[in-house]
6 protein chains.
Amino acid sequence: MSTSNTDRHAAGLVTLKSITGSSGEAVVDSLKDIAPDFADWIVAFAYGDVMARPGLDKSTRQIATIAALTALGTASAQLKVHINGALNVGCTPLQVTEAILQMAVYAGFPAAINGLVAAREVFLERGVSPLSPQ
Amino acid sequence: MSTSNTDRHAAGLVTLKSITGSSGEAVVDSLKDIAPDFADWIVAFAYGDVMARPGLDKSTRQIATIAALTALGTASAQLKVHINGALNVGCTPLQVTEAILQMAVYAGFPAAINGLVAAREVFLERGVSPLSPQ
Amino acid sequence: MSTSNTDRHAAGLVTLKSITGSSGEAVVDSLKDIAPDFADWIVAFAYGDVMARPGLDKSTRQIATIAALTALGTASAQLKVHINGALNVGCTPLQVTEAILQMAVYAGFPAAINGLVAAREVFLERGVSPLSPQ
Amino acid sequence: MSTSNTDRHAAGLVTLKSITGSSGEAVVDSLKDIAPDFADWIVAFAYGDVMARPGLDKSTRQIATIAALTALGTASAQLKVHINGALNVGCTPLQVTEAILQMAVYAGFPAAINGLVAAREVFLERGVSPLSPQ
Amino acid sequence: MSTSNTDRHAAGLVTLKSITGSSGEAVVDSLKDIAPDFADWIVAFAYGDVMARPGLDKSTRQIATIAALTALGTASAQLKVHINGALNVGCTPLQVTEAILQMAVYAGFPAAINGLVAAREVFLERGVSPLSPQ
Amino acid sequence: MSTSNTDRHAAGLVTLKSITGSSGEAVVDSLKDIAPDFADWIVAFAYGDVMARPGLDKSTRQIATIAALTALGTASAQLKVHINGALNVGCTPLQVTEAILQMAVYAGFPAAINGLVAAREVFLERGVSPLSPQ
């Protein structure tokens, strides 16, 4: 509770940018017309309170989100945001793909296939090789 | 396809033991009466083909599984197996907890609370402090 | 059991029209070629037996459905039907948005974002202001 | 709409008994104190309108329900009811187990393991061998 | 962003108490040993930022949460908290039951049955009649 | 474990072709650029180890998969593959539709509607009558 709301928002913006580049801010901005407070919660809570925390490194946090969204199978747009996020914070395409493949065991083959389809779209958009270990 | 089934099974057993200690083998053994082939799939496919792969380190794989099972919310027994697995391969209690907390953002607070309840049970059984960074 | 099937069907049609206008009947009609009995179940069971019940007012019933479909995240077309339904029975755009926002807590931010995207589409189609309290 | 409600209810009771023996009626009766109309919907809609339909044989209907409830992973009590139901209408323990195993592919290993745990409980209660092909 | 964190926390505590009585605080307190920041998020974010908002009345918010948790089927403990919460803020047992029944249409009969089981437990603990309209 | 990997792969290819015709192989081939081992798992594990098993006939296996994917609601592309698969191994359009309708009871009306939408697309592509009993 010692962090002020200004600090939460500032920390959230820094984390949002480092993970999503300009695309995260675009999502936040696009929500301001319909739900301005929700747009602020993404910055201050999701990125400021949660994703900015030091206890787990940024790459592992992105892998955790990719695994969860692949398993849930209900948020393909957000999955693509976080596949981009993983690459932005230093994960390789291969690490992203491995996390998605692993979900075949925990959430079934259709979930993994749909995760791979999302990953391929992101890799194509960025012009990276899907099997690149770096 | 170059790996023989004997190799798959052997690799799976090594990985299963390194992650779950003796408890994973106990689960596999307990399934042999009702579904012996399924017991073998856990070893040869889930651990031999998938979890033994080199492209993602063991700690990150356990965090990915913890994130997915916390988000799905339908497999508390398996979540506990993989919280134990995370600690067995070198994750700290704090890292496990962080991955679960993060699911509040991606799957909601009830999912995260139920994940924390599972984690607390594992930490108590092992006698480790939940906030320990090491 | 005292209600006849004719009564169930008639009550269902009235409720279906009051909630969905002409769009609900269009969905029902579109299903008659592939599953005529299912089309009847929507009218007689879903709307006649369930949604026509007096124990909860129509607005609250639509909010309950919006909350559930936002949380599940697997039925965006039906979510839009019930966002329209909520507005048809007297909910304000703001009340619809609040119910969706609340799902960030119970089902996660991606579920809420996808719910907001559906709501914005409906609000645009109807030409209503998303932040209108009336 | 030509079927009267009395007919729906009567058809539902016959189907309910043939699938669940006395246990289904016990579930229905137990719900009468809290939701008497819902208890009637189980009989008249779920069993009368849907499960009594001729287009798919009873065994296949039970296998379909077992597959769905195993995949969803949120209704273990109902899964046990329908594993019993499958055996009551002539499925073998092996067929039940096969349907559950198959869900490892479509919904992941934890879902299949939890389905097997439910099946083992039912097989034990009935004193049948899990691997019996008849 | 004009609300300070002290204000968020204070507003959250008031809302938490008005909805959950002493049980919500007990849940929050029980989480402090394993995840103190998460305990604070429940108060400041879930109840302070979200549930305290004026745009939807407290009764409808509880009905929305009950509908969502019944549909998801993965959080029975939290469902019971919010069934209690609904009764605490003025919903009748009948309104709670109606919202749960409605989920038979949107999430299936097993989800509704499990919701009714949770409701019956709460009604019994509180000594209220399940069919009471007041 | 007595089956060699060559045998698993060969059995899987035969089963894959008998169920999906050429479309399954196309899916497998399309995944080879991004995840070649996963493409092999589909053949050797999903179709070779699991779907080729003798304990349940091919038609019932397809119905089980259709029921599960309809209930989950997160894999419409794969649902269409298996609706085609059901027709390929001898199920009638009516049997497919019945399995989907039944999911209204176990997973809700929106899940069943979305399943019917997928079925209608497949029936149209194949030029078969949706109500044909043969």
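**Exercise 1. Start inside chain A: how many salt bridges cross the interface of domain 1 of chain A and domain 2 of chain A?**

Step 1. The rule finds zero salt bridges across the interface of domain 1 of chain A and domain 2 of chain A. Keep in mind that this is a predicted model.

Step 2. Now place the two parts in the chain. The domain assignment splits chain A into domain 1, residues 1-54, and domain 2, residues 55-129. Their C-alpha centres lie 21 Å apart.

Step 3. Look at what joins them. Nine residues of domain 1 of chain A are in contact with 12 residues of domain 2 of chain A. Polar contacts do occur here: the rule finds four residue pairs of this kind, both residues at pLDDT 80 or more.

Step 4. Find the elements on the domain 1 side. Two or more residues each come from α1 (5-20) and α3 (36-51) of chain A. By class, that side holds five nonpolar, three polar and one charged residues.

Step 5. Finish with the area. The size of an interface is often given as the accessible area lost when the parts come together. Domain 1 and domain 2 of chain A bury about 820 Å² between them, with 52% of it on carbon and sulfur atoms.

**Exercise 2. Which rotation superposes chain A on chain B, and what surface do the copies use?**

Step 1. Chain A is superposed on chain B by a rotation of 180°, with 0.0 Å of shift along its axis and an RMSD of 0.0 Å.

Step 2. The two copies are therefore related as by a two-fold rotation axis.

Step 3. Both copies use the same surface, as 100% of the contact residues of chain A recur in chain B. The residue counts are 29 in chain A and 29 in chain B.

**Exercise 3. Describe the interface of chain A and chain B, from its area down to a single salt bridge.**

Step 1. Take the area to begin with. Chain A and chain B bury about 2,500 Å² between them, and carbon and sulfur atoms carry 69% of it. In chain A, the residues that lose the most area to chain B are E98(A), Q102(A) and Y106(A), together 25% of what that side buries.

Step 2. Move to the charged pairs. The count between chain A and chain B is four salt bridges. One of them joins R61(A) to E98(B), with the closest N and O atoms 2.6 Å apart.

Step 3. Add the polar contacts. The rule finds 10 residue pairs in polar contact across this interface, both residues at pLDDT 80 or more.

Step 4. Trace the elements on the chain A side. At least two residues each come from α3, α4 (58-72) and α6 (93-107) of chain A. The most comes from α4(A), with 10 residues.

Step 5. Sort that side by class: 20 residues are nonpolar, six are polar and three are charged.

**Exercise 4. Turn to chain C: which element gives the largest share of the side of chain C that touches chain A?**

Step 1. Count the residues. Here 17 residues of chain C are in contact with 15 residues of chain A. The buried area is about 1,400 Å², of which carbon and sulfur atoms give 75%.

Step 2. Check the pairs. The count between chain C and chain A is one salt bridge. D33(A) forms a salt bridge with R120(C), the closest N and O atoms being 3.3 Å apart. Four residue pairs are in polar contact, both residues at pLDDT 80 or more.

Step 3. Name the elements. Two or more residues each come from α5 (93-107) and α6 (109-126) of chain C. The largest share, nine residues, belongs to α6(C).

Step 4. Sort by class. The side of chain C that touches chain A has 12 nonpolar residues, four polar and one charged.

**Exercise 5. How are chain C and chain A related, and which residue of chain C comes closest to the rotation axis?**

Step 1. A rotation of 120° with 0.0 Å of shift along its axis superposes chain C on chain A, at an RMSD of 0.0 Å.

Step 2. These two copies are thus related as by a three-fold rotation axis.

Step 3. Among the residues of chain C, T74(C) comes closest to that axis, its C-alpha at 3.6 Å.

Step 4. The copies use different surfaces here, since 6% of the contact residues of chain C recur in chain A.

Terms used: Residues numbered from 1 in each chain as written. Chains lettered and ligands numbered in written order. Predicted model: local features only at pLDDT ≥ 70, side-chain atom pairs only at ≥ 80, totals over all residues. Heavy atoms only, no water. Domains from an automatic or database assignment. Contact = heavy atoms within 4.5 Å. Buried area = accessible area lost by both parts, 1.4 Å probe. Salt bridge = Lys/Arg side-chain N within 4 Å of Asp/Glu carboxyl O. Polar contact = N/O pair within 3.5 Å; in protein donor to acceptor, adjacent residues only side chain to side chain. Helix = DSSP H or I, 4+ residues; strand = E, 2+ residues; numbered from the N terminus. Nonpolar A, V, L, I, M, F, W, Y, C, P; charged D, E, K, R; others polar. Least-squares fit on C-alpha atoms with pLDDT ≥ 70 in both.
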